[in-house]
Amino acid sequence: MIYIGTDDNFDDLMRGEPYVIVDLYGEYCGSCVALEPVLNEASNDYAMLRFIKVNCSHNPKIAQRFSVRGVPTMLFFRQGKQVCETGGWMERKKLNEYIATLLYDAPVPKRIDD
Amino acid sequence: MKSRVTNLYDYHQYRPPEELRRWRVPDNQIDDRLDLLSRNHSLQADVDSVQEKDSVACRGESTVPRWNQPVLFFYPGYGLCEVEDALLGMKVGESKTVSTTEGEITLTVLRILRRVNHPVDDALVQLESIEGVQTLEDYRRWYRETTEDKNREEQPIRMAYGLQNAIEENSACDIDPEEESRCVREYANQFYDAMTATGQDLTIPEDGVTFLTEEQAREKVYQQFLPMYRRYVICRAIMEEIGHMDYETAFQVGLKEAAESHGNQPEDLLAQGRTWNIEEYAMEFGAIRVLAELCKQYLEG
């Protein structure tokens, strides 16, 4: 399942979670729409990881706080500390690489939008 | 305007791809949708021994720091790490020492969760909170109606883009070079100035090595935009000859269409004045609307 994050509840959703993946998306963003089923599937497969999605159009404080350059952006947190970040749509295989980085300190994959 | 289309492609010759003619929703598409819902509303159940695709929490003891953790999560079958497959068949409370490329790790299974998809039943579709949908049959009817309505609206637009391309490729134009240069130069310069105002430096070329002069950079933008002029002439002909509109009506229709697609008002698009760029923009949107109306005849019967 994916939790809906807002400017008001974001910190509560993060608190106490060992591993968190945050999807920062925007309205009218084709790549964000395309990323949604990839994240839905991953969130169903990986119990024990917390997935949060935040609509940046409605929650500008979160976008500012993490200096979001574009949407979709995904942030990966271990024990509350950001481990890595991605930009743009990605297929499941690439997402798995980032999750391996998050969970096991595997090397950070090259950003798709670099 | 001196530039004109001398031979407009006969749209009757256009044959849209079969997949764009379809708008009906087959039963298997609704089955796939229900299958997706059942996965999206899955639950996690505690189980005794590890199978592929389970979620497994373990204690790790190792001289390798990253494996020496009170709780590690593993997902056998997803290829996330070299250790995961060694967990297959292990039970809660069981320990095993596994060799890795960095050293040994002793894993003790703490908890195993298995995904259980929601049954495809009335309760599943009720979770979607769709007005008037209480049963599977309701859902099937609702999904079919809403998707088919959407398809009937969107498929002609997709066909229209194909038809517009066919018209562009197969029509003959007599382009007045002075008109073309004046219009495109105006737009290219507006674009260049707007980019510069936002801090972008178009004198930096893609290879990042040889900087362009401002004059060269403006010329590069101009050359990139040059094909727009022929498209404008063709779209204008589509509006006038196929849509049977005079130019001013065509402009107003296209402007309204362009504004609606961006969720704003025609006057918003005219904020910078009625430039050639806006005229071209309106003609492109208007032409697609005219062609989409035409393409409705190609929808499957």
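## Exercises on a predicted two-chain model

Helix α4 (residues 92-104) of chain A lies across β2, β3, β4 and β5 of chain A, and its direction makes an angle of about 25 degrees with β4(A). Helices (H or I, at least four residues) and strands (E, at least two) are DSSP runs, numbered from the N terminus; axes are lines fitted to C-alpha atoms, for helices over the stretch in contact, with angles from 0 to 180 degrees between N-to-C directions; and contact means heavy atoms within 4.5 Å.

The model is predicted, so local features need pLDDT of at least 70 and side-chain atom pairs count only at pLDDT 80 or more, while totals for chains, interfaces and linings use all residues. Residues are numbered from 1 along each chain as its sequence is written, chains are lettered from A and ligands numbered from 1 in the order in which they are written, and side-chain values use heavy atoms, with hydrogens and water left out.

### Exercise 1: the sheet of chain A

Work out the strand order of the open sheet in chain A, and explain why β1 and β5 each have one side without a neighbour.

*Step 1.* The 5 strands follow the order β1-β3-β2-β4-β5 (chain A), and their pairing is mixed; two strands count as paired if DSSP finds at least two bridges between them.

*Step 2.* Because β1 (2-5) and β5 (81-87) of chain A stand at the edges with a single partner strand each, one side of each has no neighbour in the sheet. From one strand to the next, the twist averages 25 degrees.

*Step 3.* Strand β2 (residues 19-25) of chain A runs antiparallel to β4 (residues 73-78) of chain A, and 6 bridges join the two; here A:Tyr19 has A:Arg78 in β4(A) as its bridge partner.

*Step 4.* β4(A) also pairs with β5(A), in the antiparallel sense over 6 bridges, and A:Arg78 has A:Lys81 in β5(A) as its bridge partner. These two strands form a hairpin with 2 residues between them, and A:Gln79 in the turn has a positive phi of about 50 degrees.

### Exercise 2: helix α2 of chain A

Describe the position and the bend of α2(A), and then find what A:Asn44 touches.

*Step 1.* Helix α2 (residues 30-45) of chain A lies across β1, β2, β3 (50-55) and β4 of chain A, and runs at about 160 degrees to β3(A).

*Step 2.* The 16 residues of α2(A) reach 24 Å from the first C-alpha to the last, close to the expected 22 Å at 1.5 Å a residue, where the expected span is 1.5 Å times one less than the number of residues. At A:Glu36 the helix bends by about 25 degrees, and the proline A:Pro37 follows within four residues; the bend at a residue is the angle between axes fitted to the seven residues ending there and the seven starting there.

*Step 3.* A:Asn44, found in helix α2 of chain A, has a relative accessible area of 4% and is therefore buried; buried means under 20% relative accessible area, exposed over 50%, and partly exposed in between (1.4 Å probe, protein chains only). Leaving aside neighbours within four places in sequence, A:Asn44 is in contact with A:Met1 and, in chain B, with B:Arg39, B:Asn40, B:Ser42, B:Gln44 and B:Arg115.

### Exercise 3: the loop before β4 of chain A

Where are A:Ser67 and A:Pro72 placed, and what is the backbone like at each of them?

*Step 1.* A:Ser67 lies in the loop between α3 and β4 of chain A, and A:Pro72 has its place in the loop between α3 (60-65) and β4 of chain A.

*Step 2.* A:Ser67 has a phi near 45 degrees, a positive value in a residue other than glycine, and with a relative accessible area of 53% this serine is exposed. The peptide bond that joins A:Val71 and A:Pro72 is cis, with omega about -5 degrees.

### Exercise 4: chain B

Locate the domains of chain B, and then follow the packing around α5(B) and B:Val233.

*Step 1.* Chain B is divided into domain 1 (4-22 + 149-298) and domain 2 (43-116), with bounds that come from an automatic or database domain assignment. Their C-alpha centres lie 57 Å apart.

*Step 2.* Helix α5 (residues 177-197) of chain B has buried residues, including B:Cys183, B:Val184 and B:Tyr187. The buried residues of α5(B) pack against α6 (214-225), α7 (227-242) and α10 (276-295) of chain B.

*Step 3.* B:Val233 is placed in helix α7 of chain B, and at 2% relative accessibility counts as buried. Not counting residues up to four places away in sequence, B:Val233 touches B:Met1, B:Ser3, B:Arg4, B:Val5 and B:Ile175.
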